[in-house]
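Let's take a walk through this model, from its cysteines to its rings and then its helices. Have the structure open as you read.

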Amino acid sequence: MPFPPGITVHPELAAYLEDLPPYSDPFRDIAATRERFRQLLAATPADRTGVRSRRYDIPREDGSALAVEVYRPDGAEGSYRGSALPAVLHFHGGGYALGRPLPGQDKTALDLCRALPAVIVSVEYRLAPEHRYPAGVEDCYRALEWTAAQAAGLGIDAGRIAVTGNSAGGGLSAAVALMSRDRGGPALAYQSMCVPDVDDRVSGEPLPADAEDVPGPWVNSLRTMRRTWQHYLPEGAAADAYAAAARAEDLTGLPPAYVLVCDLDPLRDPGLAYARRLMDAGVQVTVRNVPGAWHGFELHAPLTRLAREMTAHWTGHLRAALYPCPAAD
């Protein structure tokens, strides 16, 4: 099974390799891929205990609407323990092309809402390939502007707004932070990026010579990344900093960041390189590598210690950023 030299599968995950599905190009029939994903979500409804949500439509300039769902702790009518809550905009993953949760069923948003606690804004940005860059990231930035403008009505502390996302969602988080800095937009308190897709140049990485004979999660992820960038960018267009944050020449003035990567992930090295560049630009950065794990391993092995520790780590750092001082009991 081809992996980067010197990297092996974590012992706790070895048993899960045999159960991984073979590679399938998600873009060959994107409608069918989305339908399979929808059915998978519908088969395991999310736990909404202690959380309520409301959907909003944010108008776009062309007359269409961007849907967002705002989750808040149950019983928190605009506040929590007498004070405004921090807010987190959650941008889902899925190669910029799928991954949208069912209405009211964003499991990451629900978990964060309870664990932080915070108001979570789940953003249903436009998807590729029907809507190529910059449609999706402009939607995400529009959601940030709307959240900041509606802070008082939503019971949000406008000084404690963060962005977060996994994979494509991590790339969107990085891009929105850049956009907000460059456009003089709402100030972000934190950017939390898990296995972020921040560099289109990963799509040019060659597949191993034996990729067809010995497939594996690293090779399959690389294949998917190559297809993702082919369908996200407009045909013939080169990526800029808002498409791929690693293309940005200046990273100064960005909010503190969290970057999580996995050993057996083609996005590991681009993620680490982006984290290092943020550090060199004077940005406070926390970096976490999950040893011997592949991209999306927690979907296949959610109950493993490795998956639970990973979730606790990035969630804990997000909580600490939004609650820098311990709350009085």
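How far is the sulfur of C262 from the closest cysteine sulfur? The gap is 8.9 Å, to the sulfur in C194, and that's too far for a bond. Before going on, a word on ground rules: this is a predicted model, where local features need pLDDT of at least 70 and side-chain atom pairs count only at pLDDT 80 or more, while totals for chains, interfaces and linings use all residues. Residues are numbered from 1 along each chain as its sequence is written, and side-chain values use heavy atoms, with hydrogens and water left out.

Back to the cysteines. C140 also has C194 as the home of its closest cysteine sulfur, but at 16 Å this is too far for a bond. A disulfide here is a pair of cysteine sulfur atoms within 2.5 Å, and the count by that rule is 0. As for surroundings, C262 is buried at 2% relative accessible area, and C140 is buried too, at 0% (buried means under 20% relative accessible area, exposed over 50%, partly exposed in between, with a 1.4 Å probe and protein chains only).

Now for the rings. There are 5 aromatic pairs in the structure, a pair being rings of Phe, Tyr or Trp (its six-membered ring) with centres within 6.5 Å. Ring pairs tie Y96, Y133, W229 and Y232 together into a cluster. Other tyrosines have an arginine for company: R183 puts its charged end over the ring of Y141, 5.0 Å from the centre, and R223 lies over the face of Y23, 5.2 Å from the ring centre. To sit over a ring, NZ of Lys or CZ of Arg must be within 6 Å of the ring centre and within 35 degrees of the ring normal.

On to the helices, which are DSSP runs (H or I, at least four residues) numbered from the N terminus. Helix 3 (residues 135-149) and helix 5 (residues 168-183) have axes that come within 9 Å and cross at roughly 60°. Helix 2 (residues 107-115) packs on helix 9 (residues 305-322) at about 50°, axes 11 Å apart. Axes are lines fitted to C-alpha atoms, for helices over the stretch in contact, and angles run from 0 to 180 degrees between N-to-C directions.

Just past helix 9, in the segment after it, you'll find Y323, which is partly exposed at 24% relative accessible area. Its C-alpha is 8.5 Å from that of L116, though 207 residues separate the two along the chain.

Conventions: Phe/Tyr/Trp six-rings, centres within 6.5 Å; stacked < 30°, edge-to-face > 60°. Helix = DSSP H or I, 4+ residues; strand = E, 2+ residues; numbered from the N terminus.
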